Every structure is written in structure tokens, then in C-alpha cells.
Amino acid sequence: MKKKLSFLSIILSAGLITSACGGSEETSEGGELKLMEEGKFTTASSGLYKPFSFEEGGNLTGFDIEIGNALSEEMGLEPNPVTTPFETIIQGLTTNRYDAILGSLAITKERAEQVSFSDPYYYSGGAIFVHEGNEEIKSEADLEGKKIGVVGQSTYDTAAQEYTEDIQYYNSDVVALQDLAIEGRLDAVITSDVVGFEAQNTGLAVKMIGEPLWIEKAAVAVRKDDKALLEEVNKALAAIVENGTYEEISNKWFGRNLLDTDIEGIKVLE
């Protein structure tokens, strides 16, 4: 039987299914949330990571944005998503530019030294993509010395450094994938399998090489001292999983539940 990461079973066993705060900015212990703007939950993403966060018709949309909207509603707050470069997204949080990062930030030990993470709100795989006509790269071993495109300061950046010193940095994974079609620009891109599949669905001539390199856990990040906010985010997340809102949003964007992920034989990034 295949192993699966089941967030719902985890939170049920941990007893985290509790009622949302019902429109108050106070925690269950009576403490006030420290928000950038009263009554608003200000969350940051790059806005360049389709289908998770991107602009359409002048508005921010995507899976991350809708999850942020749902969490805000559970906490009785108005959603206020903002964009910032991914390369400095943690710095923006620690210097009080927004309340939280809700922008596909994977949990790592290094990042956990700077911020506090919520329970995971989705799982995805780090994967290698090449141009459809590329027959030279057939496995990760073939990346040695190749020119790889990644977003700086991402988990994909760290992975690329294991294979090559010839790294091209981008603000957007989607733009990196598009550059695979330009002769001589890139040999490969390391990004989320979900993002690569979305690019394929829009007609981009790219293909995934092999199985995902790892599974990573994306979570909401808050400042280390924002314990009350972290508590409320986790309660809200548990609530939208239990009431079906999470699955509805995930199915809308991906046709499946991103918290129910096959991890058989795949490393889970820590």
C-alpha cells in the first residue's frame, strides 16, 4: 500500500480541530493579534508563481491567494494579499512589512531559524524540466555542469547548486520554463512539479525528467514572536480542511487534494 501524507488525520489525532475565532482579533487565550492593519490579514507572495499566485485582470489570484482568503474569513479578518520578490520575502516579514508569508514557502531547517511555520497547507515535488525536444538530459545525473534556471533563494536554487555552478536566476519559475524554448538559454529548470504541469497545460513545450527529487511541505510563515497569530492560523487551517473548503479550493486549481500526496520512495525535504 502506498504511503500518503494525510494532513487531516494528523490534525484530528492532534486535537487541533477547533472553532475559528468568529470575527474577533483576540486569540482563544484572550491575547490580541499583532496585525499590520487592524482587521486585516496581510499576506505576501511573489505574485509570479502560477497557478499559486499570479495577476489576472489586474487582480491577484491563484491557490495561495484563495487559501489566504479562506483563512482570513475563518479568523474574522479581511484578506489583504500583497506581492514582494521571493528572494527577499523572509526579510520583508522579519522587518514588519506584512503579517505572514502565504506564498508557497517550503519548510526548511534554515528558514525555521528565522520564522515560525504553520502546519503544512500543501505538498509538492521538486522536479527537473527540460524542453520537449531535449534528449540529452534523461536523469538528474545528466545535470552535471549544465545551465539550470531557478528562482533565487528557493529550495530549487539549493538543489541546482549540487549539480552545477552555471545557474541562471529568475524572479519567476514560469519565465524560466519559457526560456527553455530559446536555444542556448537554458538546459534545464528545477521547479515545482505542479508549476511545470500547469505550464504544460498552457501549451509550453516542456517535459518532466524522472520522478520528483523530493516532496516539500509548504506552510504559512509568521514572525518568531507572533505566537498568537500562528495559533489562529493553525486553527483556521484545521477548520477549512474539516469543513471541505480546502478540498474545494485545491480541486478547483489542481483537480486533486494537495494534502493527499503519494510519497512512496521519495525524500521529504526538511
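How many residues does the largest nonpolar core have, and which of them have the most contacts inside it? In this predicted model, the largest nonpolar core has 63 residues, and those with the most contacts inside it are Phe63 and Ile190. The largest share of this core, eight residues, is contributed by strand 12, which spans residues 206–223. A second core, separate from the one just described, has 14 residues, among them Ile89, Phe117, Val151 and Ala219.

These cores belong to a protein with nine helices and 13 strands. Of its 270 residues, 52% count as buried. When contacts between residues at least 6 apart in sequence are considered, 71% of them join residues that are at least 24 apart.

Helix 9, which comprises residues 245–254, has a buried set made up of Tyr246, Ile249, Ser250 and Phe254. Viewed down the axis of helix 9, the buried residues fall within an arc of 100°, so they line one face of the helix. An α-helix has 3.6 residues a turn, so residues three or four places apart point the same way. Glu248 and Lys252, by contrast, are exposed and lie on the other side of helix 9. The cover over the buried residues of helix 9 includes helix 2 (63–74), strand 8 (115–131), helix 7 (193–201) and helix 8 (227–242). Just after helix 9 the chain reaches Gly255, which takes a positive phi of about 75°.

Further along the chain, Asp260 lies in strand 13 and is partly exposed, with a relative accessible area of 39%. Asp260 and Glu247 are 13 residues apart in sequence, and their C-alpha atoms are 9.9 Å apart in space.

Empty space enclosed by the protein was examined next. Rolling a probe the size of a water molecule over the atoms shows where empty space is left. Two cavities of 30 Å³ or more were counted. The largest cavity holds about 170 Å³ of space and is lined by 16 residues, of which Tyr49, Phe86, Ser104, Ser154 and Asp173 lie nearest its centre. At least two residues of the lining of the largest cavity are supplied by strand 3 (48–49), and at least two by helix 5 (155–160). Classed by residue type, the lining of the largest cavity has six nonpolar, seven polar and three charged residues.

The second largest cavity has a volume of about 40 Å³, and the residues lining it include Phe41, Thr43, Asp64, Ile65, Pro79, Asn80 and Leu102. Two or more residues of the lining of the second largest cavity come from each of strand 2 (40–45), helix 2 and strand 6 (78–83). The largest share of that lining, five residues, comes from helix 2, an element that is also included in what covers the buried residues of helix 9. By class, the lining of the second largest cavity has five nonpolar residues, five polar residues and one charged residue.

Pockets were treated in a similar manner. The largest pocket has a volume of about 600 Å³ and is lined by 26 residues, of which Thr108, Glu110, Ser154, Thr155 and Thr158 lie nearest its centre. Ser154 is thus named for the largest pocket and is also among the residues nearest the centre of the largest cavity. Helix 3 (89–94), helix 4 (109–112), helix 5 and strand 12 each supply at least two residues of the lining of the largest pocket, and helix 5 gives the most, with four residues. By class, this lining has nine nonpolar, nine polar and eight charged residues.

The second largest pocket has a volume of about 160 Å³, and its lining consists of 13 residues, of which Asp193, Pro212, Ile215, Arg256 and Thr261 lie nearest its centre. The elements that give two or more residues to the lining of the second largest pocket are strand 8, helix 7, strand 12 and strand 13 (260–262). Of these elements, strand 8 and helix 7 are also included in the cover over the buried residues of helix 9, and strand 12 provides the largest share of the largest nonpolar core. By class, the lining of the second largest pocket has six nonpolar, three polar and four charged residues.

How values were computed
Residues numbered from 1 in each chain as written. Predicted model: local features only at pLDDT ≥ 70, side-chain atom pairs only at ≥ 80, totals over all residues. Heavy atoms only, no water. Buried < 20%, exposed > 50% of the residue type's maximum accessible area, 1.4 Å probe, protein only. Arc of directions from axis to C-beta. Contact = heavy atoms within 4.5 Å. 1 Å grid on protein atoms, 1.4 Å probe; cavity = no way out; pocket = protein on both sides within 12 Å on 5 of 7 lines; lining within 4 Å. Points joined across faces, edges and corners; volume = space filled by probe spheres on them. Nonpolar A, V, L, I, M, F, W, Y, C, P; charged D, E, K, R; others polar. Core = buried A, V, L, I, M, F, W, Y, C linked by side-chain atoms within 4.5 Å.
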